[in-house]
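Please open the structure in your viewer and keep the selection tool at hand, since each stop on this tour asks you to pick something out before reading about what is there.

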Amino acid sequence: MASFQWPWQYEFPPFFTLQPNLETKKKQVAAWCDLVLAYHKHHKIFNLDVKESQSSPLFNNTKIDRKLSTDAIYSILEELRVKGNIEWTDKTRAQCLVMWRTPEEWGNLIYRWASGCGMTNTVCTLYELAHGDDTKREEFFGLDDWLLKRALRTLEKQRKAEIMSFGTSEGVKFF
Amino acid sequence: MDRFEWGNGNLLQGETQVKQQHGVRLHDGTDKTAFDRGIITLTSHRLIWTDSVQQTTLVTLPLSLVLYAEEVPAGRGKSPRVAFHLHPAPPNKPPGPVMMSAHSYIQLSFKEGGETEPKAIHAGIVGIERNLEKKWRDTDENISQAFEDLNKLMKKAKEMVDLSRTIANKIKDKQGSITEDETVQFKSYLLSLGIANPVTRETHGTGTKYHEELAKQLSDVLTKPIEESGGMMALSDVYCRINRARGMELLSPDDLVDACRQFEALRLPLRLRVFNSGVMVIELVSKGEEAIIRQTAELLNEKKTLSPDELSQSTGISILLAKGRLLAAEEAGQACRDESVEGIRFFPNLFLNPPTR
């Protein structure tokens, strides 16, 4: 895996101070949102623990000795929540799910692949879908189970797929 | 002994007798006095010593002067005693048997027993103290209750204001069947309640005609004094000056603030500025201000980053003024801040002017 490319803002000390000027803050928060999603996408991580994140390189640049305050982190996560990219797992807002692509976007990607390979009207297990040889090069390779299912459910709503279970494993049929 | 007063045997209004004991001698400190073989009477207000023989000879001591009472260990052949430690005599104390005493305590010796009675005196004092405490508590409760009523009134007032706001909004949306006349009348009621014209979007932004006129007036009156005091004046000073000048029809603080908020919209040469600390000032909008911001931004680009201290050094202005310029630049979008344990520092606003790769 190639190393993650930090954006120019990451080396810019003011990036780590929540700006009071509204216009400036807008740009800053937008840049942070992009960075958070890009980081999670690169490392294929689908969740975030706020406490742990404070010391992760994402919010903490030891090279310039700057890190985001908890308040700033929550501001950014709230913006992501509004955009639909994160979801809190509980009321205390200690952890959240990270969807650098929304379930709909994932659903479309998967369906495009499925119809492109002629997988329609056949069944494949969820495991094959996310971890099989055929999908190694796909972006959705390695997708967490919960997100995979959400994605497939959006396809179900469009009648493009149907989730089925066989004993202990689950599968999906594309139409 | 100089705390005692001559008495006349009459009880004070509301005074009641608590205890009496015969055979008591008064001592000034530990020294015997002539007041021997007397009757000591404890009342709700005083300690009264009456001569057993000459009932007209009577001295009294207000209980308020008694600090505390204690038993004196009895010596051989001596009668049991109780000492009363006393507060200093009040300055306008009525005349008594002794003008000046070296002691701030007296002793009572009991030839016929009753030495345990002073405990009753002590209890009497405690009882009085308790009464006083109760009075204070009652007063306190009364005041709290009165404030509760005030709180209830304020709550009702808030409901009234909310109600009139709702109606004002309805008028704005022209809902309901209200005629033109009624609308005008209602608006005037609202104004008298202190709610500005509901047709304008927010009292904050656009304000009433009154505030606009007031703003123009203020600008005429204040521009020169503010110039003379260095281009900036605290709002409290402005308030005082304006009202002193007006004499009658004084301005309320709220009206002053609302009028000042109109300066920018009316393109008047003054500005209301609120610092983070909450301090409000009126300052001149000098044509130079924009130039200074531009100058600061250029310096920032050149030096890549500046702290208030660094800017003050390179331009020869005070640190406070330097910080003000950096903050002004930030407000204008020409700078952004970096807060750390080392303090505050400013950079060119790369967020709005990203570096070209």
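Before the first selection, one term is needed: a residue counts as buried when its relative accessible area is under 20%, as exposed when that area is over 50%, and as partly exposed in between. Keep in mind throughout that this is a predicted model.

**First stop: a buried salt bridge in chain B**

Select R337(B) and E330(B), whose side chains meet in a salt bridge with 2.8 Å from N to O. Are these two residues buried or exposed? R337(B) has a relative accessible area of 11%, which is under 20%, so R337(B) counts as buried. E330(B), at 5% relative accessibility, counts as buried too.

Next, select D36(B) and R25(B), where another salt bridge is found, at 3.2 Å from N to O. This pair links distant parts of the chain, for D36(B) sits in the loop between β3 (31-32) and β4 (38-43) of chain B, while R25(B) belongs to strand β2 (residues 17-28), and the two are eleven residues apart. D36(B) is buried, with a relative accessible area of 18%, and R25(B) is buried as well, at 15%.

While the loop between β3 and β4 of chain B is in view, select R37(B), which is found there. Its phi is near 50 degrees, a positive value in a residue other than glycine. Most residues other than glycine have a negative phi. R37(B) is exposed, with a relative accessible area of 59%.

**Second stop: the layout of chain A**

Now show chain A as a cartoon and follow the chain from its N terminus. You should be able to find six helices and eight strands, and they run in the order α-β-α-β-β-α-β-β-α-β-α-α-β-β. Chain A has 175 residues, of which 43% count as buried. Among the contacts in chain A with a separation of 6 or more, 55% come from residues 24 or more positions apart.

Then select K41(A) and E139(A), whose side chains meet in a salt bridge with 3.7 Å from N to O. K41(A) lies in helix α1 of chain A and E139(A) in the loop between α5 and α6 of chain A, so that the pair links distant parts of the chain, 98 residues apart. K41(A) is partly exposed, with a relative accessible area of 38%, and E139(A) is also partly exposed, at 27%. Add R101(A) to the selection, and you will have a network of K41(A), R101(A) and E139(A), joined by salt bridges that share partners. Over all chains, a search of the whole structure finds 20 salt bridges.

A short step along the chain brings you to K44(A), in the loop between α1 and β1 (47-49) of chain A. K44(A) has a positive phi of about 50 degrees although it is not a glycine, and K44(A) is partly exposed, with a relative accessible area of 35%.

**Third stop: the nonpolar cores**

In soluble globular proteins, nonpolar side chains tend to be buried together. Select L129(A), L152(A) and F174(A), which have the most contacts inside the largest nonpolar core, a set of 55 residues. Among the elements that give two or more residues to this core are α3 (70-83), α4 (103-116), α6 (145-157) and β8 (169-174) of chain A. Which element gives the most to this core? That element is α1(A), with eight residues. Apart from this core lies another one, of 21 residues, and you can find it by selecting V24(B), W49(B), I106(B) and F110(B), which are among its members.

**Last stop: where the chains meet**

Finally, colour the two chains differently and look at the places where they touch, with 15 residues of chain A in contact with 19 residues of chain B. The area buried between them is about 1500 Å², and carbon and sulfur atoms give 66% of that area. On the chain A side, select W8(A), F12(A) and R66(A), which lose the most area to chain B and together make up 37% of what that side buries.

How many salt bridges does the rule find across this interface? There are two, and one pair to select is D338(B) with R66(A), whose closest N and O atoms are 2.7 Å apart. Helix α1 (residues 22-43) of chain A gives the most to the side of chain A that touches chain B, with four residues. The residues on that side divide into six nonpolar, six polar and three charged.

How values were computed:
Residues numbered from 1 in each chain as written. Chains lettered and ligands numbered in written order. Predicted model: local features only at pLDDT ≥ 70, side-chain atom pairs only at ≥ 80, totals over all residues. Heavy atoms only, no water. Contact = heavy atoms within 4.5 Å. Buried area = accessible area lost by both parts, 1.4 Å probe. Salt bridge = Lys/Arg side-chain N within 4 Å of Asp/Glu carboxyl O. Nonpolar A, V, L, I, M, F, W, Y, C, P; charged D, E, K, R; others polar. Core = buried A, V, L, I, M, F, W, Y, C linked by side-chain atoms within 4.5 Å. Buried < 20%, exposed > 50% of the residue type's maximum accessible area, 1.4 Å probe, protein only.
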